[in-house]
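Biologist: I've got this model open on my screen and would like to talk through a few spots in it. Can you pull it up, so we can go question by question?

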Amino acid sequence: MSLYITTPIYYVNARPHLGHAYTTIIADTYSRFKRLCKEDVRFQTGTDEHGDKIAEAAQTAGIHPKEYADRISSMFREAWPSLAIRPDNFIRTTDEHHVQTVQKILQKVHDQGDIYLGSYSGLYCRGCERFLTEKELVDGKCPDHQTAPTPISESNYFFRMSKYQDWLIDHIQKNPDFITPERYKNEVLSFLSEPLEDLCISRPKSRLTWGISLPFDDDFVTYVWFDALINYITGIGYPDSEKFSGYWEVAEHVIAKDILKPHAIYWPTMLRAIGLAPYKRLHVHGYWNINEAKMSKSIGNVVRPEALLQNFGVDTVRYFLLREMSFGLDASFSDENIIARQNSDLANDLGNLFSRALTMINKFANGIVPAPADLEPADKELAGAAVNMVTEYTAQMNNFAFNRALQAVWAIISLANKYIVSSEPWVLAKDPAKTDRLKTVLYNLAETLRLIGLVLTPVMPETTLKMAMALGSTEDEHSRQNLVDHGEWGLTAPGVKINLGPSLFPRLEKKVGAPTKDGQKKMKEMSPKSKEAESDAGLVTFDDFKKLDLRVAEIKTAEKIKKSDRLLKLTVMAPEERTLVAGIAEYYKPEDLIGRQVIMVANLKPAKLMGVTSHGMILAARDEQGRLSLSALAGGVTPGSKVS
Ligand code: MSP
């Protein structure tokens, strides 16, 4: 099996932003996933360099469009490696092979009578680089660019798109996966229920010269979309390369909903006219919004990938984007949301599981993964769930449901954390009769972590390499891991030596990055939301509330702190063991607290009180008489559960 996956080629009128990064990360993750399934993959991205927009931007910059395009195109090319994005090909529409092939195609389609000269009057949106229909306007303006289109009347060449309308409707209906998610397929079918107009595919040189000349009329350049869409085939060597026939039949495009129409209507009909099969699948995602508005240069609310990388690191950014957006729907970006994900999903759930398991293997088994002994029901449950997770993850990834794939992985992380609590390795370690049991538990944890690391490789390449190396693998072995040969339970070899390293993810405070003025300024620029929150004094937003990591903590031990009447030292399970200091000694006897479940703020900065460091705070109420009562739960909740 093989895959050819593409992103849109981005306009070179502006630097890359988070929206471009998202689509490209999706394509990269999917290509890494397919490689993990041992498939042969080609992944292409690139830049779209002709047309009005670029000519205008170059004019403003006072340089030739090609020089301008060179400059911005290299910014895109250079942005990707820092996001761990590894395309196999970066295409530019100014590449010689592309230009020549576009001309050959135009000539062919013209010769067969599918391109004709006509006249056109219409409403042209420069932002969209296309004519809009009256129906598409909202209050007389383009809804995407908030500008009124310009009425234009001129002679132009047209592609007989209408001729292929019935074929296209039929193709979409017969191939339910052709456009996904379904809402976008329905949108296209609804558009196609009205008669399709022919497509204007030229611009007179009197108005625009920055484009590919029509081979049959030198007074015109090619409409940028007709030129740009063809990148998907020139990038794999159409017409002569052997690569072309192998990859074209497995082509999948990823785009956002802004460019649905060119991809779902112009492109398949163009392919039909060229005499080629349509692409296999079109994956359409929603917008990253900031305060309900689409992030875009024209609105001026862009988030730059460099700022995110500096503050969060590549794996957190990738994980966040894939986990937070439900593919197909819009999602909202804010630095608070990223911090919350890093603290709860990455530092707390995954990071804690990893460090607890490795610390225990180190402490109780001299750093060597032991051989498992007889399995108990809890072990079988964990192993069964881990294998099911691999199946579920694979199905969701194949469906482009990245958030669901990650949910499946986090379910096993949570189960493994519970498994630690219920099997209590620290208790087993004290009893020589329980050595076999301890070995089984430690082995199962190492094996679960191996599988978690394996499936997370496409999403978090750096972290999963660290995980694999800590679990005793080499970089080379790690690069050869795949789901086909290594997705089963029980492949960790007993006897392997683990390598304890630093924790995978730090816990972030509200403000991240360097605590300099400059750093703080950066965070504010990144999120207009935080400005809004500042002005709403007294009220908290849901995002503010989400910053608090509230957890159920079960009190294991309690003792008075010497020289203090007020303070108790508590050890709680949440689900990991932590020490807390609580000012409740006047109201509670230590022995009355054992076994109680209380609510704890888990992401509070550690503080030292009377020589004891407290890693969190438990919640209590104090009434007007000064009486204190601890927060309590009805009971029976798994320690460490989130309180929301
Ligand atoms: N050049 C055309 C595409 C030609 S493909 C043959 C183009 N370029 S673009 O630079 O405007 O890129 C649009 C794409 O960037 C979107 O389809 C999407 O992939 C990505 N995004 C831009 N802004 C985005 C958001 N705010 N949210 C999500 N994706 C966004 O259109």
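Biologist: Let's start with Lys280: what is its relative accessible area?

Modeller: Keep in mind that this is a predicted model. Partly exposed covers the range between under 20% and over 50%. Lys280 falls into that partly exposed class, and its relative accessible area is 38%.

Biologist: And which residue does Lys280 form a salt bridge with?

Modeller: Side chains of opposite charge can pair when their charged atoms come close. A pair counts here if the side-chain nitrogen is within 4 Å of the carboxyl oxygen. For Lys280 the closest N and O atoms are 3.9 Å apart, and the partner is Glu252.

Biologist: How many residues apart in sequence are the parts that this pair ties together?

Modeller: Lys280 sits in the loop between helix H10 (260-274) and strand E13 (281-285). Glu252 belongs to strand E12 (residues 251-256), so the salt bridge ties together parts whose separation in sequence is 28 residues.

Biologist: Is Glu252 buried or exposed?

Modeller: The cut-off for buried is under 20% relative accessible area. Glu252 has 3% relative accessibility, so it counts as buried.

Biologist: Arg281 also forms a salt bridge with Glu252; how far apart are the closest N and O atoms?

Modeller: Arg281 is in strand E13 and Glu252 in strand E12, so this pair links distant parts of the chain, 29 residues apart. Arg281 counts as buried, at 11% relative accessibility. In the salt bridge between Arg281 and Glu252, the closest N and O atoms are separated by 3.0 Å.

Biologist: How many salt bridges does the structure hold?

Modeller: Another one of them joins Asp431 and Lys434, with the closest N and O atoms 3.6 Å apart. Asp431 is partly exposed at 28% relative accessibility, and Lys434 is partly exposed at 37%. Salt bridges with shared partners also join Glu49, Lys66, Asp70 and Arg92 into one network. The count for the structure is 33.

Biologist: On to the ligand. How much of its accessible area does the protein cover?

Modeller: An oxygen atom of the ligand is 2.6 Å from an N or O atom in the side chain of Thr23. The backbone takes part as well: an N or O atom of Ala256 lies 3.1 Å from a ligand oxygen, and a polar backbone atom of Trp288 is 2.9 Å from a ligand nitrogen. Of the 680 Å² of accessible area that the ligand has on its own, the protein covers 95%.

Biologist: Which element gives the largest share of the shell around the ligand?

Modeller: The ligand sits in the largest pocket. Strand E1 (2-11), helix H1 (18-36), helix H7 (224-229) and helix H8 (231-234) each give two or more residues to the shell. The largest share is four residues, and it comes from E1.

Biologist: How many of the eleven residues of helix H12 are buried?

Modeller: Helix H12 covers residues 314-324 and is largely enclosed by the rest of the structure. Among its buried residues are Val314, Tyr319, Phe320 and Arg323. Of the eleven residues in H12, the number buried is ten.

Biologist: Last one: what distance separates the C-alpha atoms of Asn388 and His145?

Modeller: Asn388 is found in helix H14 (residues 377-398). Asn388 is exposed, with a relative accessible area of 52%. Asn388 and His145 are 243 residues apart along the chain, and their C-alpha atoms are separated by 46 Å.

Notes. Residues are numbered from 1 along each chain as its sequence is written. This is a predicted model: local features need pLDDT of at least 70, side-chain atom pairs count only at pLDDT 80 or more; totals for chains, interfaces and linings use all residues. Side-chain values use heavy atoms; hydrogens and water are left out. Buried means under 20% relative accessible area, exposed over 50%, partly exposed in between (1.4 Å probe, protein chains only). A polar contact is a pair of N or O atoms within 3.5 Å; within protein, one must be able to donate a hydrogen and the other to accept it, and residues adjacent in sequence count only if both atoms are side-chain atoms. Accessible areas come from the Shrake-Rupley method with a 1.4 Å probe; for residues, only the protein chains shown count as cover. On a 1 Å grid over the protein atoms alone, a cavity is a set of points where a 1.4 Å probe fits but cannot get out, and a pocket is an open set with protein on both sides within 12 Å along at least five of seven lines; lining residues have an atom within 4 Å of a point. A molecule sits in a cavity or pocket if more than half of its atoms lie within 2 Å of its grid points.
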